[in-house]
Amino acid sequence: MSRRAEPLMPPTVEQLERELERERSRIRFGKALRSTIAMLMLIAAVTAVVVFAAPVLRIHGSSMEPTLQDGDLLVALRWIPCGNGDIAAFSYGDSVLVKRIIASAGDVVDIQEDGTVLVNGRVLEERYAVERSGGELDIELPFRVPSDTWFVMGDYRSVSIDSRSTAVGCMTQEQLIGRVVLRLWPPERFALLPDGNDVGEEDE
């Protein structure tokens with residue numbers, strides 16, 4: 001004896017509301033997931049740009065005192081040109097040197113017995129320097145800066161080991177990390193660092 005199929009009952013309002021809520025939840029989850037992924041990708045991109053283009057460096061030692069002190073956190077920018085008087089960071093073996101650019105390619109550097117520095121025959125004013133000192137100097141003077149390099153020195157002349165020493169020599173474009181433009185830490189010394197325009201010259 002055959003059975004007659006019973007007609008399907010339409011869903012109730014409560015069932016429709018539950019199904020609608022499930023669909024809304026699925027859509028919200030999808031949007032939240034896409035938003036989270038997009039935010040993570042943005043953070044990764046910004047981090048990569050900062051690490052590559054604006055590295056943060058920590059000062060170790062006293063060779064740049066009083067301008068920079070041990071423990072200072074600095075920001076260096078890769079895309080800003082460097083010139084005489086600027087503070088710049090360079091890779092040196094497994095370490096980083098932060099020094100002031102004294103002379104550029106083609107300039108002639110001379111250092112007198114009392115530590116006075118001359119570039120192209122003119123005395124540098126060097127208001128930033130501590131103790132005019134020859135320091136560790138074993139290069140032949142006067143010294144012409146080779147092509148595509150910078151002659152660098154620390155502001156604390158008696159303790160800094162820099163381009164005055166053949167062990168360090170001049171810094172190259174390949175070694176350049178960036179021009180130091182900002183001191184982040186400590187908070188009480190937070191400041192933009194002056195560029196080379198603050199380095200004056202005076203006649204002998």
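**A walk through the strands, starting at a hairpin**

Strand 3 and strand 4 make a hairpin with 2 residues between them, and Gly93 in the turn has a positive phi of about 65°. The model is a predicted one, and this hairpin is a convenient place to enter it. Strand 3 covers residues 87-92 and runs antiparallel to strand 4, with 6 bridges joining the two. One pair can be picked out by name: Phe90 has Leu97 of strand 4 as its bridge partner.

Strand 4 also pairs with strand 9. Strand 9 spans residues 149-153, and the two strands pair in the antiparallel sense over 4 bridges. Here Ser104 has Trp150 of strand 9 as its bridge partner. Strand 4 therefore pairs with strand 3 and with strand 9, by the criterion of at least two bridges between strands. Strand 4 itself consists of residues 95-104, and 8 of these 10 residues are buried. In a regular strand, side chains alternate between the two faces of the sheet.

The wider setting can now be given. The protein has 1 helix and 13 strands. Read from the N terminus, the order of elements is α-β-β-β-β-β-β-β-β-β-β-β-β-β. There are 204 residues, of which 39% count as buried. Among contacts with a sequence separation of 6 or more, 62% are between residues 24 or more positions apart.

Part of the buried material is gathered into nonpolar cores. The largest nonpolar core has 14 residues, and Ile102, Val109, Val117, Val145 and Phe151 are those with the most contacts inside it. Strand 4, strand 5 (108-111), strand 6 and strand 9 each supply at least two residues of this core. A second, separate core has 12 residues, including Ile59, Met64, Ala89 and Leu193.

Val145 shows what surrounds one member of the largest core. Leaving aside residues up to four places away in sequence, Val145 touches Ala103, Ser104, Ala105, Gly106, Asp107, Val109, Trp150, Phe151 and Cys170. Two of the residues in that list, Ser104 and Trp150, are the bridge partners already named for strand 4 and strand 9.

Strand 4 contributes to the largest pocket as well. This pocket holds about 240 Å³ of space. Its lining is made up of Leu57, Arg58, Ile59, His60, Gly61, Ser62, Ser63, Met64, Val96, Leu97, Val98 and Lys99. Strand 1 (56-58) and strand 4 each supply at least two of the lining residues, and strand 4 gives the most, with 4 residues. By type, the lining divides into 6 nonpolar, 4 polar and 2 charged residues. Leu97, the bridge partner of Phe90, is among the residues that line the pocket. Ile59 and Met64 also belong to the lining, and both are included in the second core.

The loops hold several backbone features. The peptide bond between Leu141 and Pro142 is cis, with omega about -10°. Pro142 lies in the loop between strand 7 (122-124) and strand 8 (143-144). Another cis peptide bond runs from Trp185 to Pro186, with omega near 5°. Pro186 is placed in the loop between strand 11 (176-185) and strand 12 (191-192).

Positive phi values also occur at residues other than glycine. Asn120 has a positive phi of about 55° and sits in the loop between strand 6 (117-119) and strand 7. Its relative accessibility is 46%, so Asn120 counts as partly exposed. Asp148 has a phi near 60° and is found in the loop between strand 8 and strand 9. Asp148 has a relative accessible area of 63% and is therefore exposed.

A last loop residue is Ala167, located between strand 9 and strand 10 (171-172). Ala167 counts as exposed because its relative accessibility is 53%, and the cut-off for that class is over 50%. Ala167 and Asp138 are 29 residues apart in sequence, while their C-alpha atoms are 9.0 Å apart in space.

Methods. Residues are numbered from 1 along each chain as its sequence is written. This is a predicted model: local features need pLDDT of at least 70, side-chain atom pairs count only at pLDDT 80 or more; totals for chains, interfaces and linings use all residues. Side-chain values use heavy atoms; hydrogens and water are left out. Buried means under 20% relative accessible area, exposed over 50%, partly exposed in between (1.4 Å probe, protein chains only). On a 1 Å grid over the protein atoms alone, a cavity is a set of points where a 1.4 Å probe fits but cannot get out, and a pocket is an open set with protein on both sides within 12 Å along at least five of seven lines; lining residues have an atom within 4 Å of a point. Grid points are joined across faces, edges and corners, and a volume is the space filled by probe spheres set on the points. Ala, Val, Leu, Ile, Met, Phe, Trp, Tyr, Cys and Pro count as nonpolar, Asp, Glu, Lys and Arg as charged, and the others, Gly among them, as polar. A nonpolar core is a set of buried Ala, Val, Leu, Ile, Met, Phe, Trp, Tyr and Cys residues joined through side-chain atoms within 4.5 Å. Contact means heavy atoms within 4.5 Å.
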